[in-house]
Amino acid sequence: MSLRLSTVILPYRRWSEGGRSAWTRAEELGFHTAYTYDHLSWRVPFRDGPWFGAIPTLTAAASVTERMRLGTLVTSPNFRHPVTLAKELISLDDVSDGRVTLGIGAGGTGFDATALGQEPWTPRERADRFAEFVALLDQLLTEDAVTYQGGFYSAAEARNIPGCVQRPRLPFAVAATGPRGLKLAARYGQAWVTTGDPKLYETGTPEQSFEALRGQLGKLVETCAAAGRDASELDKVLLTGFTPDRGRPLESLDAFVDFAGRYRELGFTELVIHWPVPDSVFAAEEKVFELIAMEALAQLG
């Protein structure tokens with residue numbers, strides 16, 4: 001089974017002070033996709049520092065790259081509305097000449113959840129909103145005009161001409177581990193995204209995490225089968241850095257090749273590694289990171 005290697009570049013640097021160079025270097029290193037987080041602000045230590053918007057950042061990245069795909073990991077309903085998001089995505093897909101993937105998830109309880117002045121949503125409400133959000137966004141990105149009245153979102157003759165460069169729309173990479181989210185991945189996704197089991201991050205072992213991911217993949221296969229879809233049609237994306245392995249796979253080329261080989265055999269088709277961020281949980285030796293980007297997949301064979 002082939003494996004793709006991608007990266008996620010956090011939007012914390014000014015474009016003129018390392019922002020631009022990271023995206024151009026990512027393409028030079030041969031990454032399949034470079035993603036960025038779509039937050040208004042993120043957790044400590046980034047909470048009180050610079051943090052830029054995902055869509056403008058990706059638009060700028062599209063203008064200085066040619067081949068590499070671009071995307072969000074992930075966009076959520078926390079501060080987005082499907083109508084305005086669809087317009088921005090169609091524009092971004094056009095600027096990039098059809099190189100955009102929308103990573104999309106239900107959102108959490110972090111800073112984004114209250115930044116617009118609202119009370120945090122319950123897990124049930126987040127799931128309800130996510131289901132409606134994905135369905136309406138799918139419609140907006142595939143139809144010229146949409147009128148819709150739902151429980152949380154509405155659209156009144158929302159126009160989205162000429163639509164996406166990618167047809168019938170740009171691909172969705174749905175982040176999900178629960179039953180309802182997996183159903184959305186099976187119905188609307190071109191890819192499925194996971195970070196592992198968050199309950200194991202602090203106290204679990206890498207082997208326990210590996211088995212938890214095996215279980216998630218099994219549930220995805222079952223959910224796709226129930227929806228009449230072959231799970232092999234979906235890419236399986238692991239955003240690394242949130243399992244008990246943490247940064248150890250990036251300590252050496254050999255360590256990463258061993259890590260990547262295990263997850264390829266498990267069934268993942270894309271691994272995403274964080275561009276090094278000094279003095280953070282994503283700190284890594286830049287030379288080793290670049291060596292991994294250039295040589296790891298070739299060593300896997």
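**Figure 1. Glu265 and its salt bridge with Arg264 in the predicted model.** Glu265 is exposed, its relative accessibility being 63%, whereas the neighbouring partner in the bridge, Arg264, counts as buried at 14% relative accessibility. Between the two side chains the N to O distance is 4.0 Å. The pair is one of 16 salt bridges that a search of the whole structure finds.

**Figure 2. A salt bridge within helix α4, between Arg124 and Asp128.** The side chains of Arg124 and Asp128 meet with an N to O distance of 3.7 Å. Because the two residues are four positions apart in helix α4, which spans residues 123-142, about one helical turn separates Arg124 from Asp128. Arg124 is exposed, with a relative accessibility of 61%, while Asp128 is partly exposed, with a relative accessible area of 23%.

**Figure 3. The salt bridge of Arg159 with Glu157, and a network around Arg25.** In the bridge between Arg159 and Glu157, the closest N and O atoms are 3.5 Å apart. Glu157 is exposed, having a relative accessible area of 52%, and Arg159 is partly exposed, with a value of 44%. Elsewhere, salt bridges link Arg25, Glu28 and Glu290 into a network.

**Figure 4. The aromatic pair of Phe242 and Phe282.** A search of the whole structure finds 17 aromatic pairs, among them the edge-to-face pair of Phe242 and Phe282, in which the ring centres are 6.0 Å apart and the planes enclose an angle of 75°. This pair links distant parts of the chain, since Phe242 is in the loop between β9 (235-239) and α7 (253-266), and Phe282, 40 residues apart from Phe242, is in the loop between β10 (270-274) and α8 (286-300). Phe242 and Phe282 are both buried. Both rings also belong to a cluster, linked by ring pairs, that includes Tyr12, Tyr37, Trp42, Phe46 and Trp51.

**Figure 5. The aromatic pair of Phe256 and Phe259 in helix α7.** With ring centres 6.1 Å apart and planes at 40°, Phe256 and Phe259 form a tilted pair. The two residues lie three positions apart in helix α7, about one turn of the helix. Phe256 is buried at 1% relative accessibility, and Phe259 is likewise buried, with a relative accessible area of 8%.

**Figure 6. Arginine charges over the rings of Tyr201 and Phe210.** The charged end of Arg246 sits over the ring of Tyr201, at 4.2 Å from the ring centre. In the second example, the charged end of Arg262 sits over the ring of Phe210, and the distance to the ring centre is 4.0 Å.

**Figure 7. Phe31 and the nonpolar cores.** The largest nonpolar core holds 71 residues, of which Phe31, Leu137, Phe256 and Leu271 touch the most other members. When residues up to four places away in sequence are not counted, the contacts of Phe31 are Leu5, Ser6, Thr7, Ala26, Met68, Ile273, Trp275, Phe289 and Ala293. Apart from the largest core lies another, made up of 19 residues, including Leu10, Tyr37, Phe46 and Val272. Two of these residues, Tyr37 and Phe46, also take part in the aromatic cluster with Phe242 and Phe282.

Conventions. Residues numbered from 1 in each chain as written. Predicted model: local features only at pLDDT ≥ 70, side-chain atom pairs only at ≥ 80, totals over all residues. Heavy atoms only, no water. Buried < 20%, exposed > 50% of the residue type's maximum accessible area, 1.4 Å probe, protein only. Phe/Tyr/Trp six-rings, centres within 6.5 Å; stacked < 30°, edge-to-face > 60°. Lys NZ or Arg CZ within 6 Å of the ring centre and 35° of its normal. Core = buried A, V, L, I, M, F, W, Y, C linked by side-chain atoms within 4.5 Å. Contact = heavy atoms within 4.5 Å.
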